[in-house]
Structures are given as C-alpha cells and as structure tokens.
Amino acid sequence: MWTKESLYELVHNKLRDYLFIVVSNREPYVHTYSGEKIVTIIPASGLTTALSPVIQACGGIWVAHGSGDADKEVVDPFNKVDVPPGKPSYTLKRVWLTREEENGYYYGFANEALWPLCHIVYNRPVFRESDWNYYQKVNELFARNVLEEIRDRKAFVFIQDYQLALVSNFIRQGKKNKNIITAQFWHIPWPNPEAFRICPWQKEILQGLLGNDLLGFHIRYHCNNFMDTVARALEARVDYEKYEISYGDHRTAVRPFPISVDFEDLNNFARSKEVEEEMQRLKSSLGLRDEIIGVGIERFDYTKGIPDRLRAIDRFLQQNPNYWRRVVFIQAGVSSRSHIEAYKNLNREIDNLVEQINWKYMLGWWKPVILLRDNLPQKTLMALRRMANFFIVSALHDGMNLVAKEFIASRFDEDGVLILSLFAGSSRELVDAVLVNPYATDHFAEAIKLAIEMPEAERKKRMRKMREIVQENNIYKWAGDIITELLKFEFGE
Ligand code: GDG
C-alpha cells in the first residue's frame, strides 16, 4: 500500500536530481488580515486538499496565484514563503495578478467559459475574447515564473487543472533546457466532442494541453472524451491502443489517475479527543436532540447539486410524515466565486429553499434543515462527518468529488450511509454507496428513506468495503502512480 513514506522514498531515490514544481492557480495557504493580525487560511478546494500532502512528502516549489490580502506581507523579495506555517517542508512561490487579469483569466475564461463547458449541468458557457486574451497572458506569466525557477536544472513540472491549459506549451516554447518533463492533471470532467466544440478556441486549448508529456484525468471515460475531441479537432495521431497522442513532433500519454484523500490522516484525526468534544459542542449549539442526522459539506457551486438535494429532502418529508421531528439535515459549506452571477443566483436559491422547507415543516423546537455558511474549521467538518447517519453528495457532474472520500475515511466506526451521485467520478469506485440520479427527485427521496432505514449489518458491510477501497487507493497512490508514469519518460521506456 502507498504511504507518505513510500512516496517520499520514490521521490528521493528516483527524482533526486530533479526539481519538483507544482503549478496551480489556487494556493495551498492564503494569508489574510484579521483585524491587525495576519492569519493563515486553508482554502476549500479539492485540488489543494489533494496536493498538499503530496508536496509535503516530496518537497519542492509550488507556484500559485497569491490571492490573499496579506500575501505580499509575508513573502521574501523573490515572492516566496516557506510553508506549512510552523513546520515548513516546501516553498510557495506567489504570482501576482492585477484585478483585470484575475477578472479576465480566472472569473472570466476559466470559470465562466471552461468550468460550465466541461461540466454538463446546463449552464451556458460565456466566451469573451477579452477573457481569452487575459487567459493566454496569465498562462504565459505562470510559465515564465516556472522557467525562472528551473533555469538549467532538471525538473518535473506538475501543472494543475483547467486554469492553466496553456502553460506546458509556453514552457516548451520558452525553454532551451531539454530536461523538463511536464505532466498536467485535469481535475474536472472532460466532456464529449459535441459539447467541447462550441468553444471558439478549442484548438488552441487542445494544442496547449498537448505540450505535456503526460496528461491525467480521474477516469477513463474522461480520457476517451479527450482523445475523441482531439481526433475531431486537430490533425493529430490518436493512438487508442497506447493511449497516446502525437501532435507535431511531440507525444502526450493520456491516462486515468483517480484522485483521493490522505486516508490515514483523516482516520486518525476522526478518532481524536478534539473531534469528540467538537461533536458534543455542535450538538448542544445546534440544539440537536436524538434526531437522525443527515449531512452535506460543500463548496457552494452549481455543479454540486445542493438545491437538488434540498428538493429531495423536501419530497422525503412530504412523503414520510412519520419522520417529522425525527430527521435533521445539516448543510455546511462556503460560498465560492461569488463575483459571478450564476453563483449569486445559486446562493439565493439555496437560502430560499432552506427557508421554504423550514417554514413548511417546522414544529416547535424542530426545524428540518440547518444551513451553516461559515468557513468552518477542520475539526467542525470532521465532527459533522462523524455525526452523520446519512451523508449526501449529489453533484450533477463532478470530476471525482473528494467530499465523498473524506466521509468514508472519517468513519472508523464503519457506520453511516453515503448517498452518492452517479455523476461524480467517485461513484466508479464507491459502488457500495446508495447511488442516485440527483435530477430524479422521487427516486432521490426514496434513496434517503432507504439510507435511513438500512439495517446496521448492511451499513457496516458497505462502509467496510468502501473504506478498504479508499485506504488502498489513497492520495499517495495517486501521486505515486503519476510519478512512476513520469519516470518512464526519463528512462525513455
Ligand atoms: C475539484 C473537482 C475533484 C468543502 N466545503 C468546505 C470545505 N470543503 C473542502 C472539502 C474538500 C474540498 O473542499 C472540495 O473538494 P471536491 O473534490 O469535492 O471538489 P472541488 O473543489 O470542486 O474540486 C473535483 C477535485 O478537484 C480534486 O481533483 O475531486 O471533482 O471539481 O476537501 O472538504 N473546506 C472548508 N470549509 C467548507 O465549508 N474548510
């Protein structure tokens, strides 16, 4: 089984001569002012959740956008700061963006064009030429920052996600150094060619990604969609036997690597006294009695199906009055990308639905839905996972969804039922969850009933099986598999 230690060994034995560089838009630590004090925040992001333990094990440099209002106060003259705070094991190099660049590249092209383009949730992408121009400019800026770090050294550059589709090509064009290997992991789904072809710059994006030596997706289905999109859009050789694409004089391997969580870390934290105490505190501060507790934890995004799960809770209560006063559903989460209209609308929709459902059913002390909107500390999120009799992940489309795996890793008591969307990548591995189509409200409401009424032996059997899978396919395996694949390039296998 892969562990932090075996990943460290692999990196130290095989990559000793290489500089390991992670490049992403989102930074793993944000420094921000709280009054006059500077505090460190860990952002709610699947990408940083997954990569933090990896780079802590490997060491190296993480290049990311410095987005905190106090970020500039803590860096050295080269825009670098050693992290994690108090226990540094790698260097964070911050890239600064102007307000216009952030608006055009991040909010505009990445999140109003590419995000809805790749997630099929019937939210129309917005393609603005000015956003695209900023996207190219910022991608080039990231590539320049990476090249500055490498100079003439050997390096593995590990690029993350859809904000940085053009970086590898810019690195390739800018480098005189032949010893740079680049891999990119695409954390969101890749849609089918019909969906992708509406992007006016589809060719440029594909060409950008094909600058990588290795391109990873969560599941094979996304790899296939990518290969099909390239086959239709570019004059490239697409080899479905080897899962390789040759374009110009360059070859890119395309592979599935299902991302995961640090199972042991979550499992140990779940058992801690701190979490136990937090569960007690939450129970009393939320006024919980002995209700059956349902939980959802999410970055509030329209792909996550939050209104859909609230509608299913409503339908469940409507059809099962015997559960009134006996079930409470707690939805926790933070707002994200709130400058974008679609996210403002989503937040309004969630607030309205919660208000309507509570108004409809509340009886004395009991309200069926509790909405926790703060950026909650890790111990509170863990306490919520542990308190859940059933846990809902109802994404309308999701690359993987780590929230589901975090729930499984937290349940050392082998109890609790996961209700999981068929449209999240994690449903491929977590087949013992109660799988639902979140669009089908009646069927979803029945799944909630099934979860609540599932006999203990059945719950434990399912949870045990899912825990074995997440423990085995942990985040170190994800990173180890990618690095092992990369090593083949070094030795020209
Ligand atoms: C992308 C892909 C893929 C959630 N609410 C709060 C909070 N979180 C944390 C969770 C989890 C992370 O944020 C979310 O991870 P997901 O994987 O569920 O989703 P995305 O952010 O959309 O991530 C996704 C992932 O990349 C990795 O490849 O799985 O498919 O979309 O760790 O626990 N954290 C805090 N407060 C919250 O309210 N602090």
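A residue counts as buried when its relative accessible area is under 20%, and the exercises below apply this cut-off to a predicted model.

**Exercise 1.** Find out how many of the residues of strand β14 (residues 327–335) are buried, and work out what this says about its surroundings.

Solution. Applying the cut-off along the strand, we find that 8 of the 9 residues of β14 are buried, so the strand is largely enclosed by the rest of the structure. The next step is to look at a neighbour: strand β13 (residues 292–300) pairs with β14 in the parallel sense, over 9 bridges. Within this pairing, Ile-297 stands opposite Ala-332 of β14.

**Exercise 2.** Identify the buried residues of helix α1 (residues 4–14), and explain how they are arranged around its axis.

Solution. The buried residues of α1 are Leu-7, Leu-10 and Val-11. Looking down the axis of α1, one sees these buried residues fall within an arc of 90°, and therefore they line one face of the helix. The general background is that an α-helix has 3.6 residues a turn, so residues three or four places apart point the same way.

**Exercise 3.** Trace the strand order in the open sheet of 10 strands, and determine which strands stand at the edges.

Solution. Reading across the sheet, the order is β5-β6-β4-β1-β7-β8-β9-β12-β11-β10, and the pairing is mixed. At the edges stand β5 (80–83) and β10 (237–239), each of which has a single partner strand, so that one side of each is left without a neighbour in the sheet. From one strand to the next, the twist averages 20°. As a further step, take β11 (residues 244–247) and β12 (residues 250–256), which pair in the antiparallel sense over 4 bridges; here Ser-246 has Arg-251 in β12 as its bridge partner. Finally, helix α2 (residues 46–58) packs on the sheet, where it touches β1 (18–23), β4 (61–65), β6 (90–95) and β7 (154–160). The direction of α2 makes about 150° with that of β4.

**Exercise 4.** Search the whole structure for cavities of 30 Å³ or more, and establish which element gives the most to the lining of the largest cavity.

Solution. The search finds 1 cavity of 30 Å³ or more, and the volume of the largest cavity is about 30 Å³. Among the residues that line the largest cavity are Gly-416, Leu-418, Asp-432, Met-454, Arg-459 and Met-463. Sorting the lining by element, we see that β17 (417–421) and α17 (456–472) each supply at least two residues, and that α17 gives the most, with 4 residues.

Technical notes. Residues are numbered from 1 along each chain as its sequence is written. This is a predicted model: local features need pLDDT of at least 70, side-chain atom pairs count only at pLDDT 80 or more; totals for chains, interfaces and linings use all residues. Side-chain values use heavy atoms; hydrogens and water are left out. Buried means under 20% relative accessible area, exposed over 50%, partly exposed in between (1.4 Å probe, protein chains only). The arc is that of the directions from the helix axis to the C-beta atoms. Two strands pair if DSSP finds at least two bridges between them. Axes are lines fitted to C-alpha atoms, for helices over the stretch in contact, and angles run from 0 to 180 degrees between N-to-C directions. Contact means heavy atoms within 4.5 Å. On a 1 Å grid over the protein atoms alone, a cavity is a set of points where a 1.4 Å probe fits but cannot get out, and a pocket is an open set with protein on both sides within 12 Å along at least five of seven lines; lining residues have an atom within 4 Å of a point. Grid points are joined across faces, edges and corners, and a volume is the space filled by probe spheres set on the points.
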